[in-house]
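I opened this entry to look up enclosed and open spaces, and then a few single residues. My notes follow in the order I took them.

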Amino acid sequence: MIITDLITIDCLAEEAYANHPILSVDLADYANLKCASDYIKAVKLETPSLTQECFDKLSQLIQEMGTDGMEEVILHITCNGNYSEDIVSQGTNMLVQLIQNFIPEACVLYGISTKDCKESTFTILLLVGYSQK
């Protein structure tokens, strides 16, 4: 689902950055994105694994968001429960590459955090800053 309500996006950013950071982007990075952007859109995707199916779904959501005017992107992955560092590292690299394929000129920041859960899943949060041209 694509989210355009700024209050909801703020809450999603705060929720993501409240977890245990592994590779950190923080609320200051989000604040910079907000200041540098004319408007923001977000996507939150819950997935059981970082597989091709996940990447295809994220590709579809990026296309639905619209790439015209995309300038800054924050990708945040929350690892819920047990996870493999290799899978997360490979998945993160593939997601960053996927984003850069859509918007090669965009600045992409990314972060990874963990959250204690019984079920092992991933939450992908994509925060996108747009400029009106």
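I began with the lining of the largest cavity, which consists of Ile 62, Met 70, Val 73, Ile 99, Phe 102, Ile 103, Leu 126 and Val 128. The model I am reading is a predicted one.

**Cavity.** I sorted that lining by class and got 8 nonpolar residues, with no polar and no charged ones. I then asked which elements supply at least two residues each to this lining. They are β4 (70–80), α4 (85–102) and β6 (121–130). For the volume of the largest cavity I noted about 30 Å³. I also noted how many cavities of 30 Å³ or more a search of the whole structure finds, and the count is 1.

**Pocket.** I turned to the open spaces next. The largest pocket holds about 160 Å³ of space. I counted 14 residues in its lining, and Glu 15, Asn 19, Lys 44, Thr 78 and Thr 123 are the ones nearest the pocket centre. By class, I wrote down 5 nonpolar, 5 polar and 4 charged residues for this lining. The elements that each give it at least two residues are α1 (6–17), β3 (39–47), β4 and β6. I marked β4 and β6 for a second time here, since both also supply at least two residues each to the lining of the largest cavity.

**Thr 78.** I picked Thr 78 from the residues nearest the pocket centre. I placed Thr 78 in strand β4. Is Thr 78 buried or exposed? Its relative accessible area is 5%, and the limit for buried is under 20%, so I entered Thr 78 as buried. I found a polar contact of 3.5 Å between the side chains of Thr 78 and His 76. I then left aside the neighbours within four places in sequence and listed what else Thr 78 is in contact with: Asn 19, Ser 113, Thr 114, Lys 115, Thr 121, Phe 122 and Thr 123. Of these contacts, I had already met Asn 19 and Thr 123 among the residues nearest the pocket centre.

**Asp 116.** I looked up Asp 116 last and found it in the loop between β5 (107–115) and β6. Its relative accessibility is 69%, and exposed means over 50%, so I entered Asp 116 as exposed. I also checked how far Asp 116 lies from Asn 101. The two are 15 residues apart in sequence, and their C-alpha atoms are 32 Å apart in space.

Key:
Residues numbered from 1 in each chain as written. Predicted model: local features only at pLDDT ≥ 70, side-chain atom pairs only at ≥ 80, totals over all residues. Heavy atoms only, no water. 1 Å grid on protein atoms, 1.4 Å probe; cavity = no way out; pocket = protein on both sides within 12 Å on 5 of 7 lines; lining within 4 Å. Points joined across faces, edges and corners; volume = space filled by probe spheres on them. Helix = DSSP H or I, 4+ residues; strand = E, 2+ residues; numbered from the N terminus. Nonpolar A, V, L, I, M, F, W, Y, C, P; charged D, E, K, R; others polar. Buried < 20%, exposed > 50% of the residue type's maximum accessible area, 1.4 Å probe, protein only. Polar contact = N/O pair within 3.5 Å; in protein donor to acceptor, adjacent residues only side chain to side chain. Contact = heavy atoms within 4.5 Å.
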